[in-house]
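Please find below a short note on the structure under review. It is arranged as numbered points for ease of reference.

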Amino acid sequence: MSPESALREQICELGRSMYERGLTPGSSGNISARLDDGWLMTPTNACLGRLDPARLTRLDAVGMLKDGDPPTKESFLHQAMYEERPKAGAVVHLHSTHAVAVSCLADVDAADVLPPITAYYVMRVGRLPLVPFYLPGDRELAEAVRKLASRHSAVLLANHGPVVAGSTLANAVYAIEELEETAKLHLLLQGHKLRPLTPAQVQQVLEKFPS
């Protein structure tokens, strides 16, 4: 099996896994992975639980369709992440329930939406800025993401969901799963006195586990 064929299979396998665990309902969410000369991406209106490796979108280095089905209408979000993060090997965007719920809360810190509840969240996500609301498919959303992507591997789109880049497809999936679990914890802890990691503890985690 060629590296590209293996990557196509992995996209479908991980998409199905996230769908079956309720992280990406219906035809929501999208996945992409970098190739030497462009990207593989999930097609428009595709259910991540029923992807066909042969029908995945293949884009060239400037985002033009080379073969496969037409790309997700949010392909520009992925392209902005890749262009600002040259070492990113994959990008995952979900409409996962708890992360979307957090993105709808009033009075959150737009510079860092979730508190550092666990060391694993700090390791895999770090700081999570909130991107203002734009209509789905609005190209201005890509520019809003672009402004943050060079400094943040993950962003949360207001009233929409998270976008996460990783060095590999597996790492991007692990990070977005950790983000969703932290969002769930954050909501469960609403109304309780919270004891997040201190700034010193966060720094210790980052020094021991650099990204």
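The points below concern a predicted model and treat a helix pair, an aromatic pair and a loop residue in turn.

1. Helix H2 comprises residues 75–84 and helix H5 residues 139–149. Their axes come within 9 Å and cross at roughly 25 degrees. Angles under 35 degrees count as roughly parallel, and H2 and H5 are therefore described as roughly parallel to each other. The crossing of H2 past H5 is right-handed.

2. On the H2 side, the contact is formed by Phe-76, Leu-77, Ala-80, Met-81, Glu-83 and Glu-84. These residues meet Arg-139, Leu-141, Ala-142, Val-145, Arg-146 and Ala-149 of H5. By class, the contact holds 8 nonpolar and 4 charged residues, with no polar ones.

3. Helix H2 also contributes Tyr-82 to an aromatic pair with Trp-39 of strand S2 (residues 38–41). The structure holds 1 such pair. The ring centres of Trp-39 and Tyr-82 are 5.4 Å apart and the ring planes lie at 25 degrees, so the pair is stacked. The two residues are 43 residues apart, and the pair thus links distant parts of the chain. Trp-39 and Tyr-82 are both buried.

4. Is Lys-73, in the loop between strand S4 (65–67) and H2, buried or exposed? Its relative accessibility is 54%, and Lys-73 therefore counts as exposed, the cut-off being over 50%.

5. Leaving aside residues up to four places away in sequence, Lys-73 touches Thr-44, Pro-136 and Gly-137. The C-alpha atoms of Lys-73 and Asp-138 are separated by 9.2 Å, although these residues are 65 residues apart along the chain.

How values were computed: Residues are numbered from 1 along each chain as its sequence is written. This is a predicted model: local features need pLDDT of at least 70, side-chain atom pairs count only at pLDDT 80 or more; totals for chains, interfaces and linings use all residues. Side-chain values use heavy atoms; hydrogens and water are left out. Axes are lines fitted to C-alpha atoms, for helices over the stretch in contact, and angles run from 0 to 180 degrees between N-to-C directions. Helices (H or I, at least four residues) and strands (E, at least two) are DSSP runs, numbered from the N terminus. Angles under 35 degrees count as roughly parallel, over 145 as roughly antiparallel, 65 to 115 as roughly perpendicular and the rest as oblique. A crossing is left-handed if the near helix is turned anticlockwise from the far one by less than a right angle, and right-handed if clockwise. Contact means heavy atoms within 4.5 Å. Ala, Val, Leu, Ile, Met, Phe, Trp, Tyr, Cys and Pro count as nonpolar, Asp, Glu, Lys and Arg as charged, and the others, Gly among them, as polar. Rings of Phe, Tyr and Trp (its six-membered ring) pair if their centres lie within 6.5 Å; planes under 30 degrees apart count as stacked, over 60 as edge-to-face and the rest as tilted. Buried means under 20% relative accessible area, exposed over 50%, partly exposed in between (1.4 Å probe, protein chains only).
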